[in-house]
2 protein chains.
Amino acid sequence: MDLGLCFSGGKDSTLAGLLADPFFDLTLVTVSFGVTDAHIHARRIADIVSIPHQTLELDRSIAEEAIERMVADGYPREGIQYVHEQALEALATESFDAVGDGTRRDDRAPTISRPFAQSLEDRHDIEYVAPLVGYGRGAVDRLVSEHLEIETAPSESLAKGDYEHELRALIDRRHGQDTVENIFPDHTQSVVRGLR
Amino acid sequence: MDLGLCFSGGKDSTLAGLLADPFFDLTLVTVSFGVTDAHIHARRIADIVSIPHQTLELDRSIAEEAIERMVADGYPREGIQYVHEQALEALATESFDAVGDGTRRDDRAPTISRPFAQSLEDRHDIEYVAPLVGYGRGAVDRLVSEHLEIETAPSESLAKGDYEHELRALIDRRHGQDTVENIFPDHTQSVVRGLR
């Protein structure tokens, strides 16, 4: 079964890929709005875990709508949720039998509801899978520490692969760095450096 | 990470075991009330998939309470849910780092809510994992057909390993076969015969 899994290069989506890999013909897919080269960093991490990778271009208007929502809200959740759903919709039109992501049980955003999953499956005649959604933070942290080498550092200094990086860059261009820091106050992020 | 996974010998819990096996020190655990030898059939299926197996005895009073609830309701859902939660509670007191089960995204019963999972984890300082809960029926059916050989037949003629078999036997003893058939009208079940 061909699976296209949304992939940021972060520890959750990397672990989701490791869990799924033995059971699917897996491709890690990084969406890009062409704003930054974040997807190139994601590809490097896919190479580290030896799983095929592709980049999926999304329309820039999706990013523009997402950042305007974030700026209006003052927090990123709804904008991130919107981008993630659009990414799954786009992925579902590619030639995969199944699409999925690295959402965990405890995630606040993005989170895929059962009705959204069912609707995506029905409209695209596809399966939606979330290999990590049966795992809470404790189990995920422990599996990550057992299987991956992780570097944690301030966001600015890490070359992250996900669309959040592009959305931050776009907010910076349109509204300035202060607005970025108001919307994303947590500066610490983590990237995958290797397999254990 | 030691994982004790509730195991009926059915296709869902077997697939959950296969998904978890590469990432955990896995034991498949079949609960038994000592009513029938269902757990011996479960052990046979664990042997087929080459995963360690143990039987966990639960107090017969749990089965008695479950069947009285089923008989009063006229359907099995709440009774099954009760037994499943009691099984996880008992499993959580064993010496595992994590406990889990083979619940799917679309399951009606048993189903483990996020608050129940969090409570189980907090009270027992343990992780709860559900390797299959990120997969819907379509994905599960396809993974099962790719990885397992399954036999489907009327329930009566199949030697199933799960506690449902024991609960049916107990209802038969207390209330007769007609009551069993009223509560469990669906006679078709499936058992695992091998790995593909």
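# Two chains and their helix crossings

Mentor: 27 residues of chain B are in contact with 27 residues of chain A, where contact means heavy atoms within 4.5 Å. This is a predicted model, in which local features need pLDDT of at least 70, side-chain atom pairs count only at pLDDT 80 or more, and totals for chains, interfaces and linings use all residues. Residues are numbered from 1 along each chain as its sequence is written, chains are lettered from A and ligands numbered from 1 in the order in which they are written, and side-chain values use heavy atoms, leaving out hydrogens and water.

Trainee: How much area do chain B and chain A bury between them?

Mentor: About 2,500 Å². Buried area is the accessible area (1.4 Å probe) that two parts lose on being put together, summed over both. Carbon and sulfur atoms carry 55% of it.

Trainee: Which three residues of chain B supply more of its buried area than any other three?

Mentor: B:M1, B:F23 and B:R105. They give 28% of what chain B buries against chain A.

Trainee: What makes the two copies related as by a two-fold rotation axis?

Mentor: Two copies of a chain are related by a rotation about an axis and a shift along it. Here a turn of 180° and a shift of 0.0 Å along the axis lay chain B on chain A, with an RMSD of 0.0 Å. The fit is by least squares on C-alpha atoms of residues with pLDDT of at least 70 in both copies. The relation is therefore that of a two-fold rotation axis.

Trainee: Which C-alpha of chain B is nearest the axis?

Mentor: That of B:G134, 3.1 Å from the axis. Both copies also use the same surface, as 100% of the contact residues of chain B recur in chain A.

Trainee: Now the helices. Why is α3(A) called roughly antiparallel to α4(A)?

Mentor: Set the angle against the cut-offs. Helix α3 (residues 60–73) and α4 of chain A cross at roughly 160°, their axes coming within 8 Å. Angles under 35 degrees count as roughly parallel, over 145 as roughly antiparallel, 65 to 115 as roughly perpendicular and the rest as oblique. So α3(A) is roughly antiparallel to α4(A). Axes are lines fitted to C-alpha atoms, for helices over the stretch in contact, and angles run from 0 to 180 degrees between N-to-C directions. Helices (H or I, at least four residues) and strands (E, at least two) are DSSP runs, numbered from the N terminus.

Trainee: Which residues of α3(A) and α4(A) meet?

Mentor: From α3(A), A:I62, A:E65, A:A66, A:R69, A:M70 and A:D73. From α4(A), A:E78, A:G79, A:I80, A:Y82, A:V83 and A:Q86. They divide into 6 nonpolar, 2 polar and 4 charged. Ala, Val, Leu, Ile, Met, Phe, Trp, Tyr, Cys and Pro count as nonpolar, Asp, Glu, Lys and Arg as charged, and the others, Gly among them, as polar.

Trainee: Why are α4(A) and α7(A) called oblique to each other?

Mentor: Helix α4 (residues 77–92) and helix α7 (residues 163–175) of chain A pack at about 125°, axes 11 Å apart. The two are therefore oblique. A:I80, A:V83 and A:H84 in α4(A) meet A:Y163, A:E164 and A:L167 in α7(A). The split is 4 nonpolar, 1 polar and 1 charged.

Trainee: How do α3(B) and α4(B) lie to each other, roughly parallel or roughly antiparallel?

Mentor: In chain B, α3 and α4 cross at roughly 160° and their axes come within 8 Å. So they are roughly antiparallel.

Trainee: What joins A:A109 and A:P110?

Mentor: A cis peptide bond, with omega about -5°. A:P110 sits in the loop between β4 (98–100) and α5 (114–124) of chain A. In chain B, the bond from B:A109 to B:P110 is cis, with omega near -5°.

Trainee: What is the phi of A:D125?

Mentor: Positive, about 50°, though A:D125 is not a glycine. A:D125 lies in the loop between α5 and β5 (127–129) of chain A.
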